[in-house]
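Dear colleague,

I am passing on the structure below, and after it you will find my notes on what turned up when I went through it. Please read them with the coordinates open beside you.

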Amino acid sequence: MSGRTRGHGHGRVASSALLATVGIGVQGLAKLLVTVVVGRVFGTETLGQTTALLSLSVFTALLWPNAAGNTASRVLAIALRGRRSDTAVNRLLGASMAVSSVVLAAVTVPVALAWGASPGMVVGGVGVVVGYGLYCYARGAQLGYDRAPRVALWDTVTSLLALGLLVAACVARLEPLVLLPLAIGYTVFAIACWPRGNRIDEPGTPAEPTAGLLAFAAWNVLAVTTSNGLLQLTMIAAQVSVSAHEAGVYAAAFTLATPASMVGQALGQVLVPAFAHRSDGGSLRSRGVLVLVGGFTAATAVVFGLVAWLAGWFLPLVYPAEGAEAVADLRYLMVGVWVFTVGLVPAALLLASGRSRQVALASVAGFVVGVVLMAVLAPTWGVAGGSTGFLVGSAVNLVTVVVLGLRRAR
């Protein structure tokens, strides 16, 4: 495989980030269309089970596959830069993915049965949990090889494949198998994009070391679970602290605000391998990196601000029953999502320099502060209490990772 072994220019990072964002957007749109079609064709009960199992796949991916993908993106990029064989790295991370897939599949079965899923739906749930986990890992590995165009291509191909198979399942009225199209799409992506080595295996070529690899991934598990978990807790806080109607109104705002965080996640996936190619690991002391972070902060402020400004127009169109009431909730929640999104960029730069433990501890600090505030404020402030906890917790995380990024690694 031919690949760049020298530093990436900011133009290259920007184009890769755009392609990664497009790929994630296409997959997200496909998942949304699946739920819309399932709800219209098979009804509310099937939609509820489908949505619950899709959420389970996203959550379980945080427990290892997502972190394994982040680890692969960094280490494979470092091996490529140093012209070292990554065979041992791929073997170890691949084995960890095999083990995690078996464990997550075993956990999915009783959970799906407890939710009242049919045998066919259980099979689909297992398929989508395992397939999505493999997808997350393979996607991170390909970004480590600097193959954002390939990732975007296969995101598009497999999304179309999943939608085509879903149409076939609907026409054949195969209600228990509605999750299999997505599961197949994710699995095909994983097969097509599975890391097969950088082909730097000439006699005498040194191997990229594997020491500390699993520990790095384990700390990343803690980081992604707490950072993403805080956002999800805002919805839980609404459900337990206000009436069903108010929680439903907040849900309308929540479902439109949370996809915005995908922008930062897409850029973070690109920054980890891109800055792992650099000798400074993307330190915030670098003028170029500061410009990148500042530019991203300003650009997302404009985009998210525009979304908040236009909320009064588009929310009632999307949710005719709850939209008008949800405008204020969405505008406040978007502030927290913006702070959360900005924090993902310096966190990705710390990951690029191997500081996974510091990213995790910063995320835990923000999570603890946010949860405490939610518990204190939600009973009296209602949904605003949950949003405030998320905003302040995300701000604590952002400030912490920026301070850590400005300090030299020991």
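Just after helix α6, Arg173 takes a positive phi of about 55 degrees, and since this is a predicted model, you may wish to look at that residue yourself. Most residues other than glycine have a negative phi. Arg173 sits in the loop between α6 and α7 (180-193), and with a relative accessible area of 52% it is exposed. A positive phi in a residue other than glycine is also found at Arg199, where the value is near 60 degrees; this residue belongs to the loop between α7 and α8 (213-241) and is exposed as well, its relative accessible area being 64%.

The helix that precedes Arg173, α6, covers residues 148-171, and its 24 residues reach 35 Å from the first C-alpha to the last, which is close to the 34 Å expected at 1.5 Å a residue. Its buried residues include Ala148, Val151, Ala152, Asp155, Thr158, Ser159 and Ala162. An α-helix has 3.6 residues a turn, so residues three or four places apart point the same way.

Among those buried residues, Asp155 deserves a separate word, given that it forms a salt bridge with Arg139, the closest N and O atoms being 3.0 Å apart. Because Asp155 lies in helix α6 and Arg139 in helix α5, the pair ties together parts that are 16 residues apart in sequence. Both partners count as buried, Asp155 at 0% relative accessibility and Arg139 at 2%.

The count comes to 2 salt bridges, and the other pair is Arg84 with Glu208, whose side chains meet at 2.7 Å, N to O. Here Arg84 lies in the loop between α3 (65-81) and α4 (87-114), while Glu208 lies in the loop between α7 and α8, so the pair ties together parts that are 124 residues apart in sequence. Arg84 is partly exposed, with a relative accessible area of 23%, whereas Glu208, at 9% relative accessibility, counts as buried.

Turning to the nonpolar residues, the largest nonpolar core has 80 residues, and those with the most contacts inside it are Val128, Leu182, Leu271, Phe275 and Leu349. Helix α5 (residues 119-144) gives the most to this core, with 13 residues. Apart from it lies another core, of 28 residues, among them Ala257, Ala311, Leu344 and Val383. On the surface, Leu306, Trp309, Leu310, Trp313, Leu317 and Val318 make a nonpolar patch of about 700 Å²; of these, Leu310 is placed in helix α11 (residues 287-318) and is partly exposed, with a relative accessible area of 32%.

Helix α11 also holds Phe296, which counts as buried at 12% relative accessibility. Phe296 and Ser118 are 178 residues apart in sequence and 46 Å apart in space, C-alpha to C-alpha.

Finally, the cysteines: the structure holds 0 disulfides. Cys136 is in no disulfide, and the nearest cysteine sulfur, that of Cys193, is 13 Å away; Cys193 is likewise in no disulfide, with the sulfur of Cys136 as its nearest. The cut-off for a disulfide is 2.5 Å between the sulfur atoms. Cys136 is buried, with a relative accessible area of 11%, and Cys193 counts as buried at 0%.

With best regards

Technical notes: Residues numbered from 1 in each chain as written. Predicted model: local features only at pLDDT ≥ 70, side-chain atom pairs only at ≥ 80, totals over all residues. Heavy atoms only, no water. Helix = DSSP H or I, 4+ residues; strand = E, 2+ residues; numbered from the N terminus. Expected span 1.5 Å × (residues − 1). Buried < 20%, exposed > 50% of the residue type's maximum accessible area, 1.4 Å probe, protein only. Core = buried A, V, L, I, M, F, W, Y, C linked by side-chain atoms within 4.5 Å. Patch = residues over 30% accessible without salt bridge, like charges linked within 9 Å, V, L, I, M, F, W, Y side chains within 5 Å. Areas by Shrake-Rupley, 256 points an atom, 1.4 Å probe, with all protein chains shown as cover. Salt bridge = Lys/Arg side-chain N within 4 Å of Asp/Glu carboxyl O.
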